[in-house]
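Here's a quick tour of a few local features in chain B. Have the structure open as you read.

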Amino acid sequence: MADPTDGLSNGWLSDADILRCVEETVLGVLLPALAPEEAWARAVAVQLAGLARYAAGRGPDQTAPRTREIADALTALSGNEIVAAAWDGSRSRLAVMAAAGDALVAATGRFDTAATEVRDRLRPVLVRHLDDELRETASLVDAFRGKLDG
Amino acid sequence: MADPIRDPLESWLRERRRDSASIVDLHRIATGNSRANWFVAMSSGDRYVARVEQGGVFGTSSAEEFAFQRAAHQLGCPAAHPRWIEPTGAVLGQRFFVMDYVDGVATGRDDRSMSPALADDFVRRLDELHRVDYSAQLDSGSSTDDVTHRQIDRWADVYRQAAGARIPLLDEAAAWLHHYAAEPERIGIVHGDPGPGNFIHDGSRVIAFTDWEFAHLGDPTEDFAYLVTMRGARTMARDRWLALFERVASVTIDDTELHYWSVFNAFKGACANLTCVGAFTSTNRAPNMALIGTALHQTYIRQMAGLIETGGRR
């Protein structure tokens, strides 16, 4: 469908632009105005700037596609005795995450084929999702430690 | 920012102190995320720290923290004297307690350095805390065969109450910790968050351990592993820490123990940090709550998952 605005949105400010404004104002105007002995206020300012930077740059919420991918991994393991006992096939977020958790718990301390399969085929999906999330949130760790406070 | 708490805190302190002294200085001290620490100077010259909860952050309570800090203080361990507790939240909107202010040096947020003499004294005093007879002050209710399992269940409960949906890697970690838990040689007072940034010193000696909110009865190895792999990881290398424990406290920790307690501490951190999301979306919209509840929580899960992967089969 053609964009009727021709890419021009008079007067509309995106959330990302507003958040970048927050970051730049906090770091460029407010933080330099805080005295060195105002340690708590300075720490909070850096953290707020980091949070604004993260919010401006992050992608869309991945909860739904990740839940589907975990459900697909469980489906692929439906013949596995551990997964069969842990999952009734419901694809709701609550059911899928509970099933994945129960499957990993049941596999703990076991080294038979079923347990190894759960660790080799389900667990890596969960770890990859975590790594993807961490790639976006890593800058928040820097902000927490005050690293934006140059 | 101080004004909303000044009047109610002053009235409450006057009742506790049974005098009419007023607050002449009140400002927030820039340490601590689970509690807001306020420096309080009275017209009488007395100085306190008011340690105020922040909306259930970390799933820890002022009542428990107060009890452990008081026990440590009474038993001669380095801890500021905790004076009074307000356990209802009715006075400041959050539960809090008040302790004596302790003069000394507290290292900055990101400073993990310790002089050799200070590191020696730190380990010595921590070991004393672990070995002190607490039976007159604290009711254990635990035995060596269940004390670690209780701690695992405690943190799993904290995570499950804070999470919307289950987090499978945390479930796996709890199961792994239960499966591989070893019975400790003894139960002691475990600080739970020891190391640089959480104690006050004079340059060579410990004056007071601070931040007692994670204190509990348990296996002291938890504290030593925490020093090596977490709060003290940038202070000195792992082998130097382990040699220091052996030289100063006659404590030896093998690779299996260090690995187990590293998983435990990452699990504990992941569970505790998750509570900050709930605080951020309800009673405490400070940016540190968002940062801890997301990035730091995830970082701990990643550490924990990696450690389980490398040490799962033994």
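## Helix α1

At 1.5 Å a residue, the 15 residues of helix α1 (residues 3-17) of chain B should span 21 Å, and its end C-alpha atoms are indeed 21 Å apart, so the two agree. The expected span here is 1.5 Å times one less than the number of residues. Helices (H or I, at least four residues) and strands (E, at least two) are DSSP runs, numbered from the N terminus.

This is a predicted model: local features need pLDDT of at least 70, side-chain atom pairs count only at pLDDT 80 or more, and totals for chains, interfaces and linings use all residues. Residues are numbered from 1 along each chain as its sequence is written, while chains are lettered from A and ligands numbered from 1 in the order in which they are written.

Ile5(B), Leu9(B) and Leu13(B) of α1(B) are buried, that is, 20 or more other C-beta atoms, placed from the backbone, lie within 10 Å of their own (12 or fewer is exposed, in between is partly exposed). The cover over the buried residues of α1(B) includes β1 (23-29) and β3 (47-53) of chain B.

## Two positive phi values

Right after α1(B) comes Arg18(B), with a positive phi near 55°. Arg18(B) sits in the loop between α1 and β1 of chain B, and counts as exposed because it has 6 C-beta neighbours inside 10 Å.

Asp211(B), also not a glycine, has a positive phi near 55°. Its place is the loop between β9 and β10 (216-218) of chain B; with 23 C-beta neighbours inside 10 Å, Asp211(B) counts as buried.

Key: Two residues are in contact if their C-beta atoms, placed from the backbone, lie within 7 Å.
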